[in-house]
Amino acid sequence: MHDQAGAGAPDNFQRLWTPHRMAYIKGENKPTGTGPGDGCPFDAIPKMSDEDGLIVKRGETVYAVLNLYPYNSGHLMVVPYRHVSDYDELDAAEVTELGEFTQKSLRALRKASGAQGFNVGMNLGHVAGAGIAAHLHQHVVPRWGGDTNFMPVVAQTKVLPQLLHDTRQLLADAWD
């Protein structure tokens, strides 16, 4: 171990750098406004191939996509195609398919990764923690016993053992 100016207090840990997270921290690729034409990634993703957009499955009114900045491996989002910001703006068909896709996400994640639990939910509005508040999306985050270890707690770094494109293919294959 050697001292490096600006690296913080000397300790016995090596540094694991995650520079890709800087794009998220700086808000790169965030919408410039609230309308569907204001750079919303959830409007752009369905126009891409499944592989390029990290889409696991497409439905009639919603699609399932991997989170580009996941909390855990396999972190999915269920997103309506229609650009709406609040759950009460969804029509009956969208509510139904969003629920069905959430269930299918749980099944695919259990089958593909052996997930032992899940965090499922929506952050509606910026004050509630929505990173992209203008376009509703539901998070489906798989959890395992011990998945919160010293890395995220002490090092404030999440280690993902698999590339997103590999995870997307694994989940697409496991989708019912």
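**Burial, core and helix packing: a conversation**

Modeller: Let's begin with Asn-67, which sits in the loop between strand S2 (62-66) and strand S3 (76-80). Keep in mind that this is a predicted model.

Colleague: Happy to start there. Why is Asn-67 called buried?

Modeller: Its relative accessible area is 8%, and buried means under 20%, so Asn-67 counts as buried.

Colleague: What does the side chain of Asn-67 reach, and what makes that a polar contact?

Modeller: The side chain of Asn-67 reaches the backbone nitrogen of Tyr-69 at 2.7 Å. The cut-off for such a pair of N or O atoms is within 3.5 Å, so the distance fits.

Colleague: Which residues is Asn-67 in contact with, leaving aside its neighbours within four places in sequence?

Modeller: Those are His-75, Met-77, His-139 and Leu-164.

Colleague: Good. Now to the overall layout. How many helices and strands does the protein have?

Modeller: There are six helices and five strands, and from the N terminus on they run α-α-α-β-β-β-α-β-β-α-α. Of the 176 residues, 36% count as buried. Taking contacts between residues at least 6 apart in sequence, 60% join residues at least 24 apart.

Colleague: Which residues have the most contacts inside the largest nonpolar core?

Modeller: That core has 30 residues, and the ones with the most contacts inside it are Phe-42, Val-56, Tyr-63, Val-65, Leu-76 and Val-140. Strand S1 (55-58), S2, S3, helix H4 (92-113) and helix H6 (164-174) each supply at least two residues of this core. As for Phe-42, its contacts beyond four places in sequence are Tyr-63, Met-77, Val-79, Ile-132, His-135 and His-137.

Colleague: You mentioned H4 and H6. At what angle do they pack, and how far apart are their axes?

Modeller: H4 and H6 pack at about 110°, and their axes are 8 Å apart. Angles from 65 to 115 degrees count as roughly perpendicular, so H4 is roughly perpendicular to H6. The crossing of the two helices is right-handed.

Colleague: Which residues meet where H4 and H6 pack?

Modeller: From H4 come Ala-108, Leu-109, Lys-111 and Ala-112, which meet Leu-170, Leu-171 and Ala-174 in H6.

Colleague: Let me pick Lys-111 from helix H4. Is Lys-111 buried or exposed, and how do you know?

Modeller: The relative accessible area of Lys-111 is 59%. Exposed means over 50%, so Lys-111 is exposed. Lys-111 and Asp-173 are 62 residues apart in sequence, yet their C-alpha atoms are 9.8 Å apart in space.

Colleague: Turning to the loop between helix H3 (50-53) and S1, where Leu-54 has its place, what is its phi?

Modeller: Leu-54 has a positive phi of about 60°, although it is not a glycine.

Colleague: And what makes Leu-54 buried?

Modeller: Its relative accessible area is 6%. With the cut-off for buried at under 20%, Leu-54 therefore qualifies.

Colleague: One last residue, Ala-115, in the loop between H4 and strand S4 (117-121). Why does Ala-115 count as buried?

Modeller: The reasoning is the usual one: Ala-115 has 9% relative accessibility, and buried means under 20%, so it counts as buried.

Colleague: What does Ala-115 touch, not counting residues up to four places away in sequence?

Modeller: Ala-115 touches Leu-109, Arg-110, Pro-142, Arg-143 and Trp-144. Pro-142 lies 27 residues from Ala-115 along the chain, with 5.5 Å between the C-alpha atoms.

How values were computed:
Residues are numbered from 1 along each chain as its sequence is written. This is a predicted model: local features need pLDDT of at least 70, side-chain atom pairs count only at pLDDT 80 or more; totals for chains, interfaces and linings use all residues. Side-chain values use heavy atoms; hydrogens and water are left out. Helices (H or I, at least four residues) and strands (E, at least two) are DSSP runs, numbered from the N terminus. Buried means under 20% relative accessible area, exposed over 50%, partly exposed in between (1.4 Å probe, protein chains only). A polar contact is a pair of N or O atoms within 3.5 Å; within protein, one must be able to donate a hydrogen and the other to accept it, and residues adjacent in sequence count only if both atoms are side-chain atoms. Contact means heavy atoms within 4.5 Å. A nonpolar core is a set of buried Ala, Val, Leu, Ile, Met, Phe, Trp, Tyr and Cys residues joined through side-chain atoms within 4.5 Å. Axes are lines fitted to C-alpha atoms, for helices over the stretch in contact, and angles run from 0 to 180 degrees between N-to-C directions. Angles under 35 degrees count as roughly parallel, over 145 as roughly antiparallel, 65 to 115 as roughly perpendicular and the rest as oblique. A crossing is left-handed if the near helix is turned anticlockwise from the far one by less than a right angle, and right-handed if clockwise.
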